[in-house]
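Here is a friendly walk through one protein chain, starting with a single pair of residues and working outwards. Keep the 3D view open as you read.

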Amino acid sequence: MNYTHMEYFEELLKRESLFKDEGKLDINYIPSDLPHRDKELSILSQLFLGLITNPNSISRRILITGKTGIGKTVTVKLFGSIIEGVSRKRGINIKYAHVNCRKERTSYKVLIRLIQLLDHQFPKRGYSSQDLLDILIEFLHRYNIHILVVLDELSYLINKHEDLIYSLTRINDDNFKGEQRLSIIGIVRDLSCLNNLDNSTMSTLQRNILKFKNYTESQIFDILKYRSDDSLKKNILSDKMIKMISEITASSGDIRHGLNIIWRSCKIAESKNLKYVNAECVRLGNQDLLPYSTLDVLEYMNSQKLSFLLAIIKALNNHDNIKVSFNEALKRYYMICENLGLKPRSNSQLWNYLQEFKRDNLLTTNIISEKIKGRRAIIAIPDLSLPNLERNAIEILNSKGFKL
Ligand SMILES: Nc1ncnc2c1ncn2[C@@H]1O[C@H](COP(=O)(O)OP(=O)(O)OP(=O)(O)O)[C@@H](O)[C@H]1O
Ligand SMILES: [Mg+2]
């Protein structure tokens, strides 16, 4: 064993960490307070008050919209734990069920998820969607539950022309003899993705829209200050540094970006044996960061789709081009497939991928011809760092066992 390494390790252990609780900077952590979302929380309380004052006689459907990273998910989750707590105290059985439709993309998967929240042992397969609806109804009845279903990132479901929302809203009317046992909160970034819904579903959801406004830079400062007080020891991150991070965060408005920079700059300060974070640590912490939302999208992509994205990135990189055509990307894609031993997907599947990339804000397209034969599009990635994107895509493919 190398003695100096051991010494080094020992020394690391002796070093005081700058963090009080690192976990509190995690993207999925739900803080106990949400600065600048009081108004939204109280609107939710007012809207859903009836579920507690008149149990099982009211159902609510609302739609929440707003840009990425501005607290839609976390606000609704915090509200969920509040309403569960308050109702429990009064002996009322309200169950909060958060479903992320990007992870559960079909009606079937959403229904399974809802039932598994009520019954952890429920098997994943062997039912039809109608069976699942019946089982859900039966559960709500038997255990006297009102379920608050949150369909987060709803656009991922809607684009498949699913009629889940319609079926869910119908179960109140059809099954409980006037009792209301299900409420829905839908969350989408922007209303344009609702165009594919049929009219009745549209009108049920769109009657109540709660729009989350973007945070201003000074609100971002307050939020990041609160989050760093919560997670770091005293005097580690000065107001001046928080201000610097807020300015960087304000350009996307995505609080995740700010939280990431805080975490990374503290890690960098620790590695340099500093007692606090300085501007250089923040600068380094901000380097090479892809927005969290992009990383998240990459993580959930299947290997075929990721290979096609990588083909686009490589084509752009190779020509040092600002734009590439769909056909050039295809050529690259076939090369990558051959390398990885993947069977290439059909052109029309790849064309669909392209539309999905666009929806995920990975790239922009200029479509010249939509004809099935001779589809033409010009593709650009204006907002993301290509080397970072490429590195991350390759890392994820590698982690799935594909060696590039
Ligand atoms: N007011 C706030 N106070 C403290 N933390 C916040 C606040 N708003 C957002 N955050 C934090 O910022 C991150 C992003 O918030 P959230 O996940 O709710 O975004 P979102 O609006 O749902 O974005 P997306 O549309 O991309 O899903 C989370 O880690 C969340 O805890
Ligand atoms: Mg969200």
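## A pair to start from

Begin with Thr365: its bridge partner in β8 is Ile379. Just beside this pair, Thr364 has Ala380 of β8 as its bridge partner. Please keep in mind that this is a predicted model.

Both pairs belong to the match between β7 and β8, the latter covering residues 376–380, and these strands pair in the antiparallel sense over five bridges.

## The three-stranded sheet

Which strands make up this sheet, and in what order? Three strands form an open sheet, arranged β6-β8-β7, with antiparallel pairing. The edges are taken by β6 (324–325) and β7 (364–369), each of which pairs on one side only.

On the other side of β8, two bridges join this strand to β6, and the two run antiparallel. Ser325 is a good place to look here, as its bridge partner in β8 is Ile378.

## The hairpin and the helix across it

Now follow the chain from β7 into β8. The two strands form a hairpin with six residues between them, and in this hairpin Gly374 takes a positive phi near 85°.

A helix also belongs in this picture. Helix α17, residues 347–359, lies across β7 and β8 and runs at about 140° to β7.

## A covered strand elsewhere

Next, turn to strand β1, residues 61–65. How many of its residues are buried? The count is five of five, so the strand is mostly covered, with buried meaning under 20% relative accessible area.

In a regular strand the side chains alternate between the two faces of the sheet. In β1 both faces are covered: Arg61, Leu63 and Thr65 are buried on one side, and Ile62 and Ile64 are buried on the other.

The partners of β1 run in the parallel sense. With β4 (residues 182–188), β1 makes a parallel pairing over five bridges, and within it Ile64 stands opposite Ile187 of β4. With β5 (residues 209–211), β1 is joined by three bridges, and these two strands also run parallel. Here Leu63 has Ile209 of β5 as its bridge partner.

## A lysine on the outside

Is Lys240 buried or exposed? This residue sits in helix α11, which covers residues 239–252. Lys240 is exposed because its relative accessible area is 66%, and the cut-off for exposed is over 50%.

Lys240 can also be placed against another part of the chain. Asn278 lies 38 residues away along the chain, and the C-alpha atoms of Lys240 and Asn278 are separated by 9.4 Å.

## The whole protein

Stepping back, the protein has 18 helices and eight strands. Its C-alpha trace spans about 70 × 65 × 45 Å along the principal axes. Of the 404 residues, 48% are buried.

How do contacts reach along the chain? Taking contacts between residues at least 6 apart in sequence, 71% join residues at least 24 apart. The accessible surface comes to about 20,700 Å², and carbon and sulfur atoms account for 49% of this area. As for charge, there are 59 positive and 46 negative charges, and their mean positions are 3 Å apart.

Notes:
Residues numbered from 1 in each chain as written. Chains lettered and ligands numbered in written order. Predicted model: local features only at pLDDT ≥ 70, side-chain atom pairs only at ≥ 80, totals over all residues. Heavy atoms only, no water. Pairing = 2+ DSSP bridges. Helix = DSSP H or I, 4+ residues; strand = E, 2+ residues; numbered from the N terminus. Contact = heavy atoms within 4.5 Å. Axes fitted to C-alpha atoms, helices over the stretch in contact; angles between N-to-C directions. Buried < 20%, exposed > 50% of the residue type's maximum accessible area, 1.4 Å probe, protein only. Areas by Shrake-Rupley, 256 points an atom, 1.4 Å probe, with all protein chains shown as cover. Lys, Arg positive; Asp, Glu negative; His and termini not counted. Charge placed at Lys NZ, Arg CZ, Asp CG, Glu CD.
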